[in-house]
Amino acid sequence: MTTKTLKIALAVSVALNLFAVAGGVTYVVGRDKIERRIEEQRRGGREGPLAEVLAGLDPAVRQRVRASLRETALLARPDFEAARAARREAIAVAGQPTLDAPRVQALLEQSRAAEMRGRQRLETGAVALLATLTPAERKAMTPLLQRKGAARRNAARHDGPETNGPEGAGQDRPGR
């Protein structure tokens, strides 16, 4: 072999090794991120808007409220799963070569109806829970009735729904 051939072979070998090392690092980093996400999903009592709302409550009341909300959410889960399934089916049917518009429309209506049943269960459970609390606790928990997480966080920070000013403008309206 000539010197030129050896140099080319060395350059190819170095490039392949760098490619292999980069692939290995990408795999390890990606796996760690995925494992963290899975662990966060499995972990109960995740922090977030609900934690901010519950922060001002007595620990015993907080436990009771969490248990009640968890129970209500579990009761509403099948409705939300049915809504997602109907929407996925509508998307699949709409993606077919020939559009079956009445079927897509019916599936979307089923999805909306199931979602509304789920929302009704959640809201009914929240109102039943509010009936068991003292006026001060009830005031702290009213942000639960707002539809958007940002509005709940804002209300939790300001002791009530914030609807005036640019930060809170219209956040408690449906569809925003």
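In this predicted model, the residues of helix α4 that are buried are V104, L107, S111, A114, G118, R119, G125, A126, L129 and L130. The cover over these buried residues includes helix α3 and helix α5, the latter spanning residues 135-141. Helix α4 is one of 6 helices in the chain, which has 0 strands, and read from the N terminus the order of elements is therefore α-α-α-α-α-α, given that helices and strands are numbered from that end.

**The two long helices, α3 and α4**

- Helix α4 contains 30 residues, and the distance from its first C-alpha to its last is 43 Å, close to the 44 Å expected at 1.5 Å a residue.
- Helix α3 has 36 residues, which at 1.5 Å a residue should span 52 Å, and this agrees with the 49 Å that separates its end C-alpha atoms.
- Along α3 there is a kink of about 40 degrees at A76, and this kink comes shortly before the proline P78.
- The residue at the kink, A76, also belongs to the buried residues of α3, which are V61, V65, R66, L69, T72, A76, D79, A83, A86, A90 and V93.
- An α-helix has 3.6 residues a turn, so residues three or four places apart point the same way.

**Where α3 and α4 meet**

- T72 is found in helix α3, and T72 counts as buried because its relative accessible area is 11%, which lies under the 20% cut-off.
- When neighbours within four places in sequence are left aside, the residues in contact with T72 are R121, L122 and G125, and G125 is itself one of the buried residues of α4.
- E123 is found in helix α4, and E123 counts as partly exposed because its relative accessible area of 38% falls between the cut-offs of 20% and 50%.
- Although E123 and A73 are 50 residues apart along the chain, their C-alpha atoms are separated by 10.0 Å.

**The largest nonpolar core**

- The largest nonpolar core consists of 10 residues in all, namely V53, L54, L57, V61, V65, L69, L129, L130, L133 and M141.
- Two or more residues of this core come from each of the elements α2 (49-54), α3 (59-94) and α4 (101-130), and the largest share, 3 residues, is given by α3.
- One member of the core, L57, is in contact with R62, V65, E137, A140 and M141 once its neighbours within four places in sequence are left aside.

**The chain as a whole**

- Of the 176 residues in the chain, 21% are buried.
- The chain exposes about 12,600 Å², and carbon and sulfur atoms supply 58% of that area.
- If one takes the contacts between residues at least 6 apart in sequence, 54% of them join residues that are at least 24 apart.

**How far the prediction can be trusted**

- The mean pLDDT of the chain is 81, and 78% of the residues reach a value of 70 or more.
- Among the elements of the chain, α4 has the highest mean pLDDT, at 94, whereas helix α6 (residues 149-158) has the lowest, at 52.
- Over residues 159-176 the pLDDT stays under 50, and for this stretch the model has 21 contacts beyond four places in sequence.
- Where pLDDT is low, the predicted coordinates should not be read in detail.

Key:
Residues numbered from 1 in each chain as written. Predicted model: local features only at pLDDT ≥ 70, side-chain atom pairs only at ≥ 80, totals over all residues. Heavy atoms only, no water. Core = buried A, V, L, I, M, F, W, Y, C linked by side-chain atoms within 4.5 Å. Buried < 20%, exposed > 50% of the residue type's maximum accessible area, 1.4 Å probe, protein only. Helix = DSSP H or I, 4+ residues; strand = E, 2+ residues; numbered from the N terminus. Contact = heavy atoms within 4.5 Å. Areas by Shrake-Rupley, 256 points an atom, 1.4 Å probe, with all protein chains shown as cover. Expected span 1.5 Å × (residues − 1). Bend = angle between axes of the 7 residues up to and from the residue. pLDDT = per-residue confidence, 0-100.
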